[in-house]
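Please work through the exercises below with the sequence and the model at hand. Each task is followed by a solution in steps.

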Amino acid sequence: IMAVKILKVYNTDEDIYEEIIGEVQEEVPEAWPENKELKIIGKRIPRINAPEIVTGEAKYAYDIIIPGMLVGKILRSPYPHANIKNIDTSKAEKLKGVKAVITYKNTSNVRIGRDPIFNTTVKYEGEEIAAVAAVDENTALDALDLIKVEYEELPFVVDPEEAMKPNAPKIHPQGNIVRGRPSVYSRGNIEKGFNEADIVIEETFRTPVVHHSQAEVHISVAKWEEDYLTVWDTTQGVFRIQSSLANIFHLPVNKVRVICHYMGGAFGCKLSIRRHTVYAVLLAKITGRPVKIALSRKDDYLAGGNRPSSIQQIKAGIKKDGTLTALYQKTVGAVGAYPGSAGVTTPLRTLYKCPNVKTEEYSVYVNAGQSCAHRAPGHVQGTFALDQMIDILAEKTGIDPLELRKKNYIDRDQQSNLPYTSKYLLEAYDAGAKEIGWERRNKIPGSGQGRYKRGIGMATQIWWGGGRPPAFVNVKINSDGTVNVLSGAQDIGTGTTTIVAQCVAEELGIKLKDVKVTIGDSEVCPYGPTSGGSVTAPSMCPAARAAARDAKNKLLEVASVILKSNGKPLDIKDGRIFLKNNPEKSITIKDVIGRSRVGMILGSGAREDNPEGYAVNTFGAHFAEVEVDTWTGKIKIVKYVAAHDIGRVINMLTAVNQIQGGIIQGLGFTLSEERIINKNVGRMENPDMCNYLLPLAGDTPEIVSIIVSKPDNLLSHTGNKGLGEPPMIPVLATIANAFYNATGVRIKVLPMTPEKVLMALKKI
Ligand code: MOS
């Protein structure tokens, strides 16, 4: 049976992007067997580019140095809200070594979409006011000091609940609620659901604004050669930046090249074009010289993006037997001074079986830096509230929290009513509970004695992460049998480069060391998706394998002529092509290409569409044992267990990396991280890594990572789902629930600092 790849053709006239008007069918490879029958897939494979990274050979955007290159610096507002009455740049322009100064006055013709690149009313501390290009960094900084700005300070608001009040300072003319209304979801009838309940509970949970704190700040280097633009950028998607720059500067796409070979972390803050990139390009155009702009760490905290805060009211109805009858969630979140989404309700709408659900999400403007996507946007905050609520309901009904979750398990997506392609959540529950020793938890929360109190808690995770087209990979088999792979998606620190190489090597039957992968170059690589949403691996692996299969088919055709196989089947193993029924008759890949003088074999592959009639999601269950020092308020994580459903594992080492990284980032969110804004002056108090408290190596607990899933062959022929975001999602609730089990006290406001712990324990 020939498997088919279906490329859907959409009608994009008149903005109709939904209607499918046709299909193109191509052959796709059959599903791989289980990992134990494969040579390279599923093993613990170190990153193929690890030597470059650890020796400093790898070139990140900041490492780009071009003769004649200028340094760009950005002047930012010291006020949270102000009109700019005038800007005088004359002194800065006269400073020796300054090559260009841009402000709202000389850039009104440049727009990002409909927005100007400088505003005459600035709406947050850190908003851009001017940019300069100079021969070196100190000259550029001196030039910023010489720019005279006349501000008219305006009333401001930094608290979302304050911002919703009728008399609050207006940040946008139409008011402080994004789009002027909440986004609302509803199914069933919650009034009926609450009437059917034996117990109804209401609780409120709060999470602060937190920051990405990625190792590499935002950086862009721009160079013009006539009307040809090259930009080295810290980005999750070179193709998205390429098309944005083509639009902004009215260039054909083939005259814009965007390069990002290495990425020092992003977590969602590098998904789309930002103003500093446009400034670098514009300053380079004005001066005729390359320009580099790197944000300072402080600028990155003020203006580089953040995760919106949340205030979440949940009302839940449950029967005595543990059946959920109604869930209602109303949320408010601060998105900063420009549009963003503070939506957090998807987990409540999808994770546990419940027929009557209503959610209302308010995204609110405040005078602070604009929010953006941050590792599992919304789900992390939403799960903090939802999964504590589940534990509260468990206690009220007298049901074990794990049993209550199993009782409300559902095998289909409740919003679309479609079944999942695969779901191994029950397996994750069982594996995690066994590993942590779930039966050891306190039967009576807080019943432990003495200074140190221990407890065990858990939480559940749902996310998307199925991947999708379009995603393309090209494979070149060279005359010596080595292989070059070209892949458009970014490696944002997750190991994309390595797993793409694995898929190609596995399919071609060659060694991993003979595969070189080039990523992150919009001119050289075929199109790949922006690396976000945990879609990269599940989009790229099928494309990579399909490209290798295409190359392999062509290679075997050439080999069959040389071997005079007369249509008998051939196969490849360890770089050698042989007749299946007569393995003695063989030839190396190198000799096939060398003797046939085809020059090289070129294969291309694309990600096929997802199956119709299914929902694709990832699942997981986390368990933790914590120890609370009731004298100091410090929470120590004794052991952490993460069990995940991700379909097939492509690389066990990079998979475990993602799990550990997500948990550590989640622990920071739970225990210490928070943007602190002084309400009196509207300025961030902790825009640096000294006062914004990230988790350190010493805070990292023992982490046990368990993959419970089998390949998802309904999803794709490589069967893997995404894992970048899922491991961060359940951490906050897992720790909060374990803390409750240890102390008998619930903390509903993050972060759970020692101070908050002592207050909750009534010690201060
Ligand atoms: Mo992700 S928050 O889509 O990088």
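The exercises go from the whole chain to single residues, and the model they concern is a predicted one.

**Exercise 1. The chain as a whole**

Task: Determine how many helices and strands the chain has, and judge its compactness from the radius of gyration.

Solution:
- Step 1. The secondary structure consists of 18 helices and 32 strands.
- Step 2. The radius of gyration is 28 Å, and the globule rule gives 27 Å for 764 residues; the two values are close, so the chain is as compact as a globular protein of that length.
- Step 3. The C-alpha trace extends over about 85 × 75 × 55 Å along the principal axes of the chain.

**Exercise 2. Burial, contacts, surface and charge**

Task: State what percentage of the residues is buried, and describe the contacts, the exposed area and the charges of the chain.

Solution:
- Step 1. Of the 764 residues, 60% are buried.
- Step 2. Take the contacts between residues at least 6 apart in sequence: 79% of these join residues at least 24 apart.
- Step 3. The exposed area of the chain is about 31000 Å², of which carbon and sulfur atoms supply 50%.
- Step 4. The chain carries 94 positive and 85 negative charges, and their mean positions lie 2 Å apart.

**Exercise 3. Two cysteines**

Task: Establish how many disulfides are present, then examine Cys-260 and Cys-525.

Solution:
- Step 1. A disulfide is a covalent bond between the sulfur atoms of two cysteines.
- Step 2. The criterion applied here is a pair of cysteine sulfur atoms within 2.5 Å. The count by this rule is zero disulfides.
- Step 3. For Cys-260, the nearest cysteine sulfur belongs to Cys-525 and is 11 Å away, and Cys-260 is in no disulfide. Conversely, the nearest cysteine sulfur to Cys-525 is that of Cys-260, at 11 Å, and Cys-525 is in no disulfide.
- Step 4. With a cut-off for burial of under 20% relative accessible area, Cys-260 at 3% is buried, and Cys-525 at 6% is buried as well.

**Exercise 4. The loop between β12 and β13**

Task: Locate Glu-216 and His-218, and decide whether each is buried or exposed.

Solution:
- Step 1. Glu-216 is in the loop that runs between β12 (199-207) and β13 (219-225). His-218 is likewise found in the loop between β12 and β13.
- Step 2. The relative accessible area of Glu-216 is 8%, so this residue is buried. His-218 has a value of 1% and is therefore buried.
- Step 3. Beyond four places in sequence, the residues that Glu-216 touches include Tyr-60, Ala-61, Thr-234, Lys-270 and Arg-297. Under the same exclusion, those touched by His-218 include Thr-234, Lys-270, Arg-274, His-276 and Asp-300.
- Step 4. Thr-234 and Lys-270 are thus contacts of both residues.
- Step 5. Glu-216 and Thr-350 are 134 residues apart in sequence, and their C-alpha atoms are 35 Å apart in space.

**Exercise 5. A strand residue and a loop residue**

Task: Describe the placement, accessibility and contacts of Thr-325 and of Gln-370.

Solution:
- Step 1. Thr-325 belongs to strand β18, residues 324-336. Its relative accessible area is 4%, so Thr-325 is buried.
- Step 2. Outside its neighbours within four places in sequence, Thr-325 is in contact with residues including Gly-193, Glu-196, Ala-197, Cys-354 and Asn-356.
- Step 3. Gln-370 sits in the loop between β19 (357-365) and α10 (379-397). At 32% relative accessibility, Gln-370 is partly exposed.
- Step 4. With neighbours within four places left aside, the contacts of Gln-370 include Gly-305, Asn-306, Tyr-338 and Pro-339.

**Exercise 6. Backbone geometry in loops**

Task: Identify which peptide bonds at Pro-470 and Pro-751 are cis, and examine phi at His-250 and Lys-564.

Solution:
- Step 1. The bond joining Pro-469 and Pro-470 is cis, with omega about 0°. Pro-470 is in the loop between β20 (452-463) and β21 (472-477).
- Step 2. The bond from Leu-750 to Pro-751 is cis, with omega near -5°. Pro-751 lies in the loop between α17 (731-743) and α18 (754-760).
- Step 3. His-250, a residue other than glycine, has a positive phi near 55°. This histidine, His-250, is in the loop between α6 (238-248) and β15 (256-259), and at 69% relative accessibility His-250 is exposed.
- Step 4. Lys-564 is not a glycine, yet its phi is positive at about 45°. Lys-564 lies in the loop between α14 (536-562) and β24 (570-573), and its relative accessibility of 61% makes it exposed.

Note on methods. Residues numbered from 1 in each chain as written. Predicted model: local features only at pLDDT ≥ 70, side-chain atom pairs only at ≥ 80, totals over all residues. Heavy atoms only, no water. Helix = DSSP H or I, 4+ residues; strand = E, 2+ residues; numbered from the N terminus. Rg over C-alpha atoms; globule rule 2.2 N^0.38 Å. Buried < 20%, exposed > 50% of the residue type's maximum accessible area, 1.4 Å probe, protein only. Contact = heavy atoms within 4.5 Å. Areas by Shrake-Rupley, 256 points an atom, 1.4 Å probe, with all protein chains shown as cover. Lys, Arg positive; Asp, Glu negative; His and termini not counted. Charge placed at Lys NZ, Arg CZ, Asp CG, Glu CD.
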